[in-house]
Amino acid sequence: MRAWRQIAQRIRLKKRSTMGIKGLQWFVANTCPDACTMVNLKEMAEKHHISHPDSPPVIVVDAMGCIRHWYTPESWVCGGQWQEYLANLQDFIKAFMAADIKLVFCFDGVVEQKKRDEWVKRRLKNNKEIARIFQFLKSYRQQPGRGMFFIPSGLATFTRFALKSLGQETICSLQEADYEVASYGLQNNCMGILGQDTDYLIYNTSPYFSIDKLCLDRMVTVMYSRENLCHALGLNITDLPLFACLLGNDIVPEDILEGFWQKCVASCPPKSQSYDKRANTILAVASYISRVPCSYGSLKDLEEMLPLASDKKLLYRGVESYILPGQQSPWLPPGVSNSQIHLVKQETAICPDQEIFQLAKEQHVRAENYMVYNVLSKGEVECSNTLEDELDTELPGQALIYRPVRQHIYSVLLESGKDTCGAYPIVKEWFVYFGNPMEQPDLVQPMQLDIPGGTPSLRTLWLTKGPEVQTLRYSTFLACFHLQDMVEEFQLLDPSVAAVCCLLIYLTLQVDSLSLEDLNAFVAHTLCLQGKSAAQLAGLQLAQVDSRAVQLGSLFIRGLTTLIMANSSLGFPMNMNDLMPWKVFDGKLFQEKYQQSHRGCSLEELLEGNGSLHMQFQNLKSFICEACMVKKRTIQSRRRGNGFITEMQEGGRERSFQQAYTTSFVPPYHSQNRGFQWRGSQPYFYGSEAQPSGRGHRDQRRHQGQRRRFQLAPRSLKPTL
């Protein structure tokens with residue numbers, strides 16, 4: 001365990017140094033005490049009211065820099081404690097409301113091309129951390145300590161919708177989020193910026209408050225002063241952008257600066273033996289800048305000095321990236337201001353319908369949709385890491401499992417963008433999954449829906465009103481998951497339950513290794529979650545943690561993000577709140593149900609002794625199994641108690657086995673003659689060697705069933721959440 005604690009410590013230190021300029025946060029805290037002041041936010045708000053009686057005190061929040069601090073539930077590896085998390089967000093907001101401070105939350109909405117390499121680098125590093133987490137899980141069957149903490153999959157995406165549901169102003173950026181945060185703070189005379197990124201010391205904007213040092217009970221935190229930092233370094237505030245670039249940031253890589261640092265240190269010997277190498281480098285770079293003329297000519301001289309290869313404008317672009325609207329820099333050509341640099345250009349969107357594109361853009365900025373603007377603007381999307389075990393060959397990565405759904409969504413979004421030959425634009429996907437080196441994006445071909453009347457236009461789905469169009473939206477939504485002939489059946493279910501069933505049917509059809517025990521766990525979890533409070537879920541204790549259940553939990557959560565992508569794209573056939581994880585998922589509860597199911601616990605124990613849930617359990621299970629059976633997918637029993645796969649035999653005896661066992665669930669009633677057929681062909685894409693088949697992924701072409709219709713239980717028996 002000592003070795004694991006040392007690994008966790010290294011990971012924690014690395015995570016702390018990834019935001020902004022490496023080492024600058026430590027330097028400021030340890031060598032520039034005057035730049036760090038403990039402040040009371042409530043008192044500052046009162047002073048702001050006095051000096052600005054017409055405008056309330058506003059703090060703009062770098063949400064991506066705060067998420068790790070908001071997620072405080074003890075359990076994080078099982079897929080997320082979503083009700084607890086939502087309650088934490090409520091408490092956070094209430095504390096600021098009590099101090100009469102308005103919060104504006106800003107999220108990353110795009111990954112700019114200039115930051116793509118760094119984005120990929122960090123995701124590949126995350127893969128290594130995730131591999132260590134699963135190694136720990138398999139070794140100890142316990143969640144690792146907080147030192148190895150990794151945010152639950154989908155946390156950033158769902159936090160946007162959580163904050164909106166709590167009545168908060170939420171913004172999704174059209175460019176780099178830290179730039180938009182700094183711009184918002186400057187243009188709206190904000191009281192400050194809350195986050196944990198030293199770039200906010202570099203931008204000439206509102207005061208920068210630390211989320212790391214925030215004590216919510218007393219409403220105090222550390223305020224970092226860029227003026228005092230400059231005084232300690234002998235620099236002007238206008239020098240800070242160049243200072244940041246010469247220390248290395250997301251635009252200027254550190255490896256091309258090492259020779260320059262050596263020259264700076266050689267010409268400026270360390271002032272104190274107590275400083276480490278990085279602190280001495282920071283001081284030496286600041287000394288160098290203070291000695292050269294502050295002009296564009298000096299910046300060009302630096303560009304000649306550095307090994308910038310063919311990209312001679314790298315330093316220029318780095319300085320430029322910190323200049324906010326209306327500001328100028330003495331290090332850039334005279335007269336060049338941000339109003340020219342960041343002038344909103346006519347966007348070359350791949351969506352030809354400007355009204356539709358503008359609506360998508362507005363919804364994106366208001367954080368009301370997911371991935372839609374990214375597809376319609378540049379045809380490029382990304383998805384960060386998921387807690388997945390790269391050594392589990394039976395469970396493919398979520399990126400591949402849900403790709404067929406995304407291909408159908410792309411076909412709807414890009415229907416009007418087809419060329420004269422009827423070919424869709426290709427979508428570039430930067431999705432993290434095992435075996436993907438991410439040197440290039442996967443080039444994904446949209447896959448047309450096979451539905452009566454053809455693919456509906458976005459103008460119909462988004463702009464037309466009426467019950468017929470709402471039914472069209474819903475049937476198109478289900479068609480993306482190959483369930484378009486079950487519209488009436490799904491409409492009999494409560495929306496949240498319908499969302500769960502949609503996902504479970506799709507997953508069971510896609511992944512061969514999903515078993516009857518897995519299905520029992522998901523269904524029991526769905527029913528037992530209803531009525532449970534955040535406090536009850538927080539009090540749930542797990543004797544051990546199963547690594548496969550961890551991955552299944554993450555897979556389910558990524559399925560929910562796929563549902564909200566479909567919902568956003570198709571004109572919102574469902575209420576977005578019905579697709580949120582705090583309605584339908586709890587990581588610890590799913591772990592408990594998974595382990596109970598695979599141990600062979602009785603239905604009474606699985607449903608926590610609640611006899612009223614038995615009928616609902618059978619109805620939901622029958623609904624899912626029947627939908628799979630008509631597509632020739634029989635769900636087999638495959639128990640995995642204590643990490644071993646076992647097969648049930650007559651007399652209750654068990655034996656370990658390698659092949660899937662043929663015991664299956666048969667619904668307690670029969671189908672009618674008519675029903676639905678598997679539609680669509682095997683999904684395909686370009687630009688990657690990894691195919692959805694293999695690693696437990698089902699080939700869709702093998703499962704075309706005869707048309708049959710499923711008879712639902714009476715409406716009075718429908719489950720509710």
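**Exercise 1. The seven-stranded sheet**

Task: In this predicted model, work out in which order the strands of the open sheet of 7 strands lie, and which strands form its edges.

Solution: Begin with the order, which reads β1-β7-β6-β5-β2-β3-β4 in this open sheet, where the pairing is mixed. Next, look for strands that pair on one side only, and these edge strands turn out to be β1, at residues 36-40, and β4, at residues 169-172. Then consider how neighbouring strands are set against each other: on average they are turned by 30 degrees, with direction ignored. As a closer look at one pairing, strand β2 (residues 58-62) and strand β5 (residues 192-195) run parallel and are joined by 3 bridges, and Val60 has Ile193 in β5 as its bridge partner.

**Exercise 2. Helices across the sheet, and a residue within it**

Task: Find which strands helix α3 and helix α4 lie across, and decide whether Ser210 is buried or exposed.

Solution: Take helix α3 (residues 41-51) to start with, which lies across β1, β2, β6 and β7 and runs at about 75 degrees to β1. Helix α4, formed by residues 63-70, lies across β2, β3 and β5, and its direction makes an angle of about 80 degrees with β2. Now turn to Ser210, which has its place in strand β6. Its relative accessibility is 0%, and Ser210 therefore counts as buried. Leaving aside residues up to four places away in sequence, Ser210 touches Leu194, Gly195, Gln196, Thr221, Val222 and Tyr224.

**Exercise 3. Helix α11 and its partner α13**

Task: Establish how many residues of helix α11 are buried, and describe how α11 packs with helix α13.

Solution: Helix α11 covers residues 240-247, and 8 of its 8 residues are buried, so the helix is largely enclosed by the rest of the structure. The buried residues are Leu240, Pro241, Leu242, Phe243, Ala244, Cys245, Leu246 and Leu247. Just after this helix, Gly248 takes a positive phi of about 100 degrees.

For the packing, it helps to recall that two packed helices are described by the angle between their axes and the distance between the axes. Helix α13 (residues 277-291) packs with α11 at an angle of about 135 degrees, and the axes are 10 Å apart. The two helices α11 and α13 are therefore oblique to each other, and the crossing of α11 past α13 is right-handed. On the α11 side, Leu242, Phe243, Leu246 and Leu247 take part, and they meet Arg278, Thr281, Ile282, Val285, Ala286 and Ile289 in α13. Sorted by kind, the residues of this contact of α11 with α13 are 8 nonpolar, 1 polar and 1 charged.

**Exercise 4. A second helix pair**

Task: Describe how helix α25 crosses helix α31, and say which residues make the contact.

Solution: The axes of α25 (residues 516-529) and α31 (residues 614-629) come within 10 Å and cross at roughly 135 degrees. This makes α25 oblique to α31, and the crossing of α25 and α31 is right-handed. From α25 the contact draws on Leu516, Leu519, Asn520, Val523, Ala524 and Leu527, while α31 supplies Gln616, Phe617, Leu620, Lys621, Ile624 and Cys625. Among the residues of this contact of α25 with α31, 9 are nonpolar, 2 polar and 1 charged.

**Exercise 5. Strand β8**

Task: Determine which way the residues of strand β8 point, and in which sense β8 pairs with strand β9.

Solution: In β8 (residues 380-383), Glu380 and Glu382 point one way while Val381 and Cys383 point the other way, and all are buried. Strand β9, at residues 427-431, pairs with β8 in the parallel sense over 4 bridges, and Lys428 of β9 stands opposite Glu380.

Key
Residues numbered from 1 in each chain as written. Predicted model: local features only at pLDDT ≥ 70, side-chain atom pairs only at ≥ 80, totals over all residues. Heavy atoms only, no water. Pairing = 2+ DSSP bridges. Axes fitted to C-alpha atoms, helices over the stretch in contact; angles between N-to-C directions. Contact = heavy atoms within 4.5 Å. Buried < 20%, exposed > 50% of the residue type's maximum accessible area, 1.4 Å probe, protein only. Parallel < 35°, antiparallel > 145°, perpendicular 65-115°, else oblique. Left-handed = near helix turned anticlockwise from the far one by under 90°. Nonpolar A, V, L, I, M, F, W, Y, C, P; charged D, E, K, R; others polar.
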